[in-house]
Amino acid sequence: MDQSKLVELLQASTIPDTQKVKAATAELKKNYYPRPEALLGLLHVIIAHDDATVRQLAAVQALRLVPKHWKKVAADQKNGVRNEVVQAVVREQHPKVRHGISRVIAGIAALDFEDKEWPELLPAVIQLTTADDVAHREIGSYIIFSLLEADPTTFSEHMSKMFELFGKTIRDPQSRDVRINTMLSISSMLLVIHADEDEDAVTAVQEFIPAMVDVLKDTIDNNDEERTQQAFEVFQSFLGYESGLISKYFKDLVHFMMDLAANTNADDDVRNQALAFLTQCAHYRRMKLQAIPDLATQITRKSLLILAELEEDDEEDDMTPPRSALALIDQLSTDLPPRQVVVPILDDFRKLAASQEVGHRRAAVIALGTCAEGAPDFVATQVESLMPTVLQLLNDANRAVRHDALVCLMRMGEDLAETFKAHHETIMTGLVKNLEAASQDENDEKNVEIIRSVCGSIDTMAEGLGAEIMNKYAQGLISRVGRFLSHSDVKVKSAAAGAIGAIALTIEGDFKPFLKETMEALSPFVVAEDGEDELQLRSSVCDAMGRIAVGVGAEDFQPYVMPLLISSEKALGLGNPRLRETTFILWSSLSKVYEGNLGDSLQGIFKGLFDSIELEEEDLEIDEELAGLVEGDIVTDGKKIKVKPAEGDSDDEDEMDDDDDDDWDDIMGISQAAMEKEVAVEVLGDVITHAKEKSVPYLEKAIELITPLVEHTYEGCRKAAISTLWRTYACVWQIMEQQTGQKWQPGLPTNFETPANLAKLGEVVSTATMSLWLEESDRDVVTEINRNVAATLKACGPAILSQKGLTEQSITVLGTLITRSHPCQQDMGDEEENQTAEGSSEWDWLVVDTALDVVIGLAAAFGGQFAEVWKIFEKPIVKLISSQEATERSTAVGVIAECTAYMGSAVTPYTKTLLPPLLHRLSDEDKETKSNAAYAVGQLCYHSDDSATYLPAYGQIMAKLEPLLQISESRLQDNATGCMSRLILAHPDKVPLAQVLPALVDLLPLKEDYEENKPVYECIAKLYELQNPTIQELTPRLVPVFQKVLAPPEEQLEPETREGLQNLVRKLGIA
């Protein structure tokens, strides 16, 4: 190999001439790098060349070639090369080149150590690290870091010796580099420390933390941005490992970071990084945070104060401490119990909202909107008291405050709009007032934000407010908002389209008078093919049209559907990710409206979805001279992209891939392809569900493509895949039932043989589920599994439970979820521990709630056989009845009620253990719990054969039910009426009918819980059959009740109940 030519090409690669760089790079790749001698040539450049830039490039390229060629180097050459490279790094004066050479040494050593070679390196490096010469210590400490970074097990047999060394180097008196390198080395070693196996190592690491804090303080005090960033990254890395490594100083570290974040004299970047650390704590150490008294509340209050630093010209996209504090509040409200986060925010809300400081008023309303997304159920209970202040801020004299109030309404509207109904007039007045004020100069940048926010608020609130309310404002809103479809700002047009789509979806057929004009105004936007802004607008309009279609229905939307489908298929080729995703969502909407009757377009829809699911992960091609600096995965624009070498590079480069990189997807980001696959798989499930038998020709390929995604590194893909698999199974089951007329019965074995194709699909679904359910660490994925399993068991019965191992694993997983010991309910790195803390975030509770729904699903599928399974779940569910959290009590009581209903008389053996806690909850302070308790007690007395246990309690039950009949909230009247009816059905002779029946009839017809109409009218029919005099006397009062429940809405009565009531009406001779 021509060494001089190699050097010449490397030099050419460093000059600012694109064509020469490309030519040199191509020549190196083609004629040099594939050959083992190239590695030796590059190492010689590192050792001998006088240009630091060339040495740096040679080090980068050598590092890439070491895995390919080092083992091919002759043994008699290696020793000399090793020694010369170490000498080169010692005499190197340029830090970046020195670091590059250190990485080359580490790369060579990683291979040599596998073959028990180069044993003299470690003693030499340690000697460098302890030398009197500070430069040598810096070199040695960085080589140690490089070795650990390349292979953390390098020093696993010398761990105590390394900790002894680090104890000195972390406090190096002369060199910040040595101290930082030591921190980086400690971080790299965390991977091989197992807290439960090596207590000495844990203790050693814990004791480094105070010194590491001192290192961080020093870098901050000296304005050393690069090393400050490295120190923060080390502290963040601790959160990814077992909490024992940091637990001793965790509270102190959190307080230190809080103080840093709150220090207005500190650099903004330092404050941002401290807030980022706290945000990661909230996500990865949520159990630890909430277990330390008042700590989460202190973080919340400090975050609120930092948020109050907002200035009027602060932009939402600016990375400032107030915006970082808002991200922290968002994470806290999502991952911690409302009492620790939302309550302190609401405690301070009115004071801040009444402040003369604009920043304080902004902070109040921004924080409210943010925590409403994290804890919607809790905030819903506070809306009545909060809304006057929100509306006051909506009409604030300051435009920035008004904008923030609009954003708050928009965020609250996502989940809480139904609670806004009592305030709709003042809300709409405020929206219109803001819209008109902004329209005075609608091209002003701040006014544009106001207009968009008004449209966004309408978009999120419309459906929750409901058709009756929205119809009052529809014409005025459509007129006002519609004119913004011609606004010069594309984002305003998009927001206006979204608002109109939401109105159409809400008022349904009443939108028809506006349909033609609206579609004519929107249609030009769905054929735009140039410019990112125009494609984004096209995306928004596609979404709006889908909602309009759902609103007005198939017949009225028919003139627009085929052109829209043709346009949507073309949209996939325009290279805009958001447009592709909204196109898929449009297909979901249209498949729902037309139940799959989309002609030839259905084939195109499946093809488009399949093509998306088959997308390769996104690759980014980079130039050769940069490749060694950014191996593996990088993040750009918040998305993870796999880096590949430029075209023509050897396939052997794949050997360098780090298999563990994907484990960090949650931290590093995700690829656009993965996000698109998530949407495509979700929509595929929608289309299959809506199209039913029309989807059958595509099911085999759908299952083939979806199943592997259950193991995807991105949790969104896993969640969508498992959901679509279960939905597909349910769809095929329903098709089978329709075709055969067979209906499942509870219990195993099933009452008919499952068709072979359905049994095979069940095997695929159950195998995929079992591969995830027990060990999945992402709570959203587990929640989605729970939802789908529960829904499928209720709809399709027990057949799938005959799949090998599924019943047993379901019971095991549900046991861990209900007791909060599942990996998804533990802090990151502590999955093997059983962590408990008082209360939970709403999203953590959702995991338990959906698991309890699976228990109900099992009861529905097994029927009376479920009594054996109930033995396993009884204790943890009854324990939940005594929870301090009202939601947990009410849910647990509801689960007992549902399971009792499905078990029937098989519940009898459990009467003695279930009745006392249910009776106690009839007097619960929480109305929802009392309501569910009434339902549960009625079910237990109706189904149990243990009358010796429950009959003595009849008097107590009726005494507790009497006040509930006077409360119109939380379905209390309906459930109390249903309970009393079941008591009568079970033992009419034990109830004082003359006193009870008139009170019950006064409450008919039921207004909320139509399910309770079944026992009510069965009870009435039975009493007529028994010729009870009281019921006969009440006939004149019952006649209008019968007429109302037999009239629309049809859902008031189940078909069987309706038929029975109609027979009764005929027997009584009532017209």
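The largest cavity takes at least two lining residues from each of α47 (972–986), α48 (993–1002) and α49 (1013–1025); helices here are DSSP runs of H or I with at least four residues, strands are E runs of at least two, and both are numbered from the N terminus. Keep in mind that this is a predicted model, where local features need pLDDT of at least 70, side-chain atom pairs count only at pLDDT 80 or more, and totals for chains, interfaces and linings use all residues. Residues are numbered from 1 along each chain as its sequence is written, and side-chain values use heavy atoms, with hydrogens and water left out.

**Cavities**

- On a 1 Å grid over the protein atoms alone, a cavity is a set of points where a 1.4 Å probe fits but cannot get out, and lining residues have an atom within 4 Å of a point.
- Grid points are joined across faces, edges and corners, and a volume is the space filled by probe spheres set on the points.
- By this rule there are four cavities of 30 Å³ or more.
- The largest cavity has a volume of about 70 Å³.
- Its lining is made up of Thr 977, Ser 981, Leu 997, Leu 1000, Val 1001, Leu 1004, Val 1016, Cys 1019, Ile 1020 and Ile 1031.
- Sorted by class, that lining has eight nonpolar residues, two polar and no charged; Ala, Val, Leu, Ile, Met, Phe, Trp, Tyr, Cys and Pro count as nonpolar, Asp, Glu, Lys and Arg as charged, and the others, Gly among them, as polar.
- The second largest cavity holds about 40 Å³ of space.
- Around the second largest cavity sit Thr 129, Ser 141, Ile 144, Leu 165, Phe 166, Thr 169, Asn 181, Thr 182 and Ser 185.
- At least two residues of that lining come from each of α8 (134–150), α9 (159–169) and α10 (176–189).
- For the second largest cavity the class split is three nonpolar, six polar and no charged residues.

**The second largest pocket**

- A pocket is an open set of grid points with protein on both sides within 12 Å along at least five of seven lines.
- The second largest pocket has a volume of about 1300 Å³.
- It is lined by 39 residues, and the closest to its centre are Glu 316, Glu 449, Arg 452, Ser 453 and Lys 491.
- Six helices each give at least two residues to this lining: α17 (321–335), α19 (358–374), α22 (399–416), α24 (445–465), α26 (490–507) and α28 (532–552).
- α24 provides the largest share, ten residues.
- Charge features heavily in the pocket lining, with 21 charged residues next to ten nonpolar and eight polar.

**Helix α37 and the loop before it**

- Helix α37 covers residues 756–773, 18 residues in total, and reaches 25 Å from its first C-alpha to its last, close to the 26 Å expected at 1.5 Å a residue (the expected span being 1.5 Å times one less than the number of residues).
- Leu 758, Leu 761, Gly 762, Val 765, Ser 766, Ala 768, Thr 769, Leu 772 and Trp 773 are the buried residues of α37; buried means under 20% relative accessible area, exposed over 50%, and partly exposed in between, with a 1.4 Å probe and protein chains only.
- These buried residues cover an arc of only 165° around the axis, so they are on the same side of α37; the arc is that of the directions from the helix axis to the C-beta atoms.
- Pro 749 lies in the loop between α36 (715–740) and α37, and a cis peptide bond with omega of about 0° joins Leu 748 to Pro 749.

**Other backbone oddities**

- Leu 1004 and Pro 1005 are also joined by a cis peptide bond, with omega of about -5°, and Pro 1005 is in the loop between α48 and α49.
- Leu 1004 is one of the residues lining the largest cavity, too.
- Arg 820, in the loop between α39 (806–818) and α40 (842–862), has a phi near 60°, a positive value in a residue other than glycine.
- Gln 1027 is not a glycine either, yet has a positive phi of about 55°.
- Gln 1027 lies in the loop between α49 and α50 (1029–1033) and is exposed, with a relative accessible area of 59%.

**UniProt annotations**

- UniProt positions are given in the numbering used here, feature names are shortened, and annotations may be inferred rather than shown by experiment.
- The UniProt record (unreviewed entry) lists "domain: Importin N-terminal" for residues 24–91; that span is 82% helix and 0% strand, with its end C-alpha atoms 29 Å apart.
- UniProt's "repeat: HEAT" (unreviewed entry) covers residues 386–424, a span of 72% helix and 0% strand whose end C-alpha atoms lie 14 Å apart.
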